[in-house]
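Let's take a friendly walk through a protein model, looking at which side chains pair up and which are tucked away. Have the structure open as you read.

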Amino acid sequence: MPVWDSKDGLGKFLSLPASMKNGSLANNSEMKLPTHTGTHVDAPGHVFDHYFDAGFDVDTLDLEVLNGPALLVDVPRHSNITAGVMKSLNIPKGVRRVLFRTLNTDRRLMFKKEFDRSYVGFTKDGAKWLVDNTDIKLVGIDYLSVAAWSDLIPSHLVFLEGREIILVEALKLDVILPGLYSVHCLPLRLFGAEGSPIRCVLIK
């Protein structure tokens, strides 16, 4: 699994310090991994330090936004998600959760160890078009960031400034048809953390 801007991938993150084979009464594993590993959510404090200081962490994210009807859409494969692309998708008003499947899925980027800066994501104008013209409150995408490498921080700032939109990143969407689903995403209750790995499932 890739991790942000690394050639080496996640590597070994799970260990077994207490093992029954070594005389312990039970097996007890430990994990060590960044909070933005694999499928995960971003909280506003990820890119706004004043939100981080104010405690707008993953424990404050709205579970009603993270769970409910969601639309899975296929994004045109020739482009990042610009304002023009967003407009072309014709997402109906009232839709609150959208999962964007892109060229990232076709290229199986989440199955490659080395981080790939050429992944598809939102440009700043695409993020602003979504915020200004839709009712979307959950944005999901199929790589480690919703924001294109060229607009990394600007796109995040647009999405997270209002604290109404939740970003779900690194979704596995390769065997799912476009359409309407019920999405269920549950972050860990990590007080003081600006991100959290999540278990996110779609139910038809």
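We can begin with D59, which counts as partly exposed because its relative accessibility is 24%. Keep in mind that this is a predicted model. What does D59 form a salt bridge with? Its partner is R189, and the closest N and O atoms of the two are 2.8 Å apart. R189 sits in the loop between β8 and β9, while D59 sits in the loop between α1 and α2, so this pair ties together parts that are 130 residues apart in sequence. R189 itself has a relative accessibility of 62%, so R189 counts as exposed.

**More salt bridges**

Why might such pairs form at all? Side chains of opposite charge can pair when their charged atoms come close. A search of the whole structure finds 10 salt bridges. Three of them are set out here.

| Pair | N to O distance |
|---|---|
| R189 and D59 | 2.8 Å |
| R117 and D5 | 3.1 Å |
| R107 and D116 | 2.6 Å |

Take R117 and D5, whose side chains meet in a salt bridge. This pair links distant parts of the chain: R117 is in the loop between α4 (103-106) and α5 (124-133), D5 is in the segment before β1, and 112 residues separate them. How accessible are the two partners? R117 is partly exposed, with a relative accessible area of 46%, and D5 also counts as partly exposed, at 40%.

Now turn to R107 and D116, which meet through their side chains in a salt bridge. R107 counts as partly exposed at 27% relative accessibility. D116, at 19%, counts as buried, because buried means under 20% relative accessible area. Elsewhere, D74, R77, R101 and D106 are joined into one network by salt bridges that share partners.

**A buried residue in a loop**

Next to D59 in the numbering is V58, found in the loop between α1 (49-54) and α2 (63-66). Is V58 buried or exposed? With a relative accessibility of 2%, V58 counts as buried. Setting aside neighbours within four places in sequence, V58 is in contact with V41, A43, L188, L190, A193, E194, G195 and S196. For a sense of scale, V58 and R117 are 59 residues apart in sequence and 26 Å apart in space, from C-alpha to C-alpha.

**A charged residue without a salt bridge**

One contact of V58 deserves its own visit: E194. E194 lies in the loop between β8 (179-187) and β9 (195-203). Which side chain of opposite charge is nearest to E194? That is K32, 15 Å away, and E194 is buried yet has no salt bridge. The side chain of E194 does have a polar contact of 3.2 Å with the side chain of T35. Leaving out neighbours within four places in sequence, the contacts of E194 include H36, D42, G45, H46 and F52, as well as V41 and A43. V41 and A43 are also among the contacts of V58.

**A nonpolar patch on the surface**

Finally, look at the surface. F13, L14, M31 and L33 make a nonpolar patch of about 350 Å². One of these residues, L14, has its place in strand β1 (residues 14-18). L14 is partly exposed, with a relative accessible area of 41%.

Definitions and conventions. Residues are numbered from 1 along each chain as its sequence is written. This is a predicted model: local features need pLDDT of at least 70, side-chain atom pairs count only at pLDDT 80 or more; totals for chains, interfaces and linings use all residues. Side-chain values use heavy atoms; hydrogens and water are left out. Helices (H or I, at least four residues) and strands (E, at least two) are DSSP runs, numbered from the N terminus. Buried means under 20% relative accessible area, exposed over 50%, partly exposed in between (1.4 Å probe, protein chains only). Contact means heavy atoms within 4.5 Å. Patches are made of residues with over 30% relative accessible area and no salt bridge: like charges are joined within 9 Å, nonpolar side chains (Val, Leu, Ile, Met, Phe, Trp, Tyr) within 5 Å. Accessible areas come from the Shrake-Rupley method with a 1.4 Å probe; for residues, only the protein chains shown count as cover. A salt bridge is a side-chain nitrogen of Lys or Arg within 4 Å of a carboxyl oxygen of Asp or Glu. Lys and Arg count as positive and Asp and Glu as negative; His and the chain ends are not counted. A polar contact is a pair of N or O atoms within 3.5 Å; within protein, one must be able to donate a hydrogen and the other to accept it, and residues adjacent in sequence count only if both atoms are side-chain atoms.
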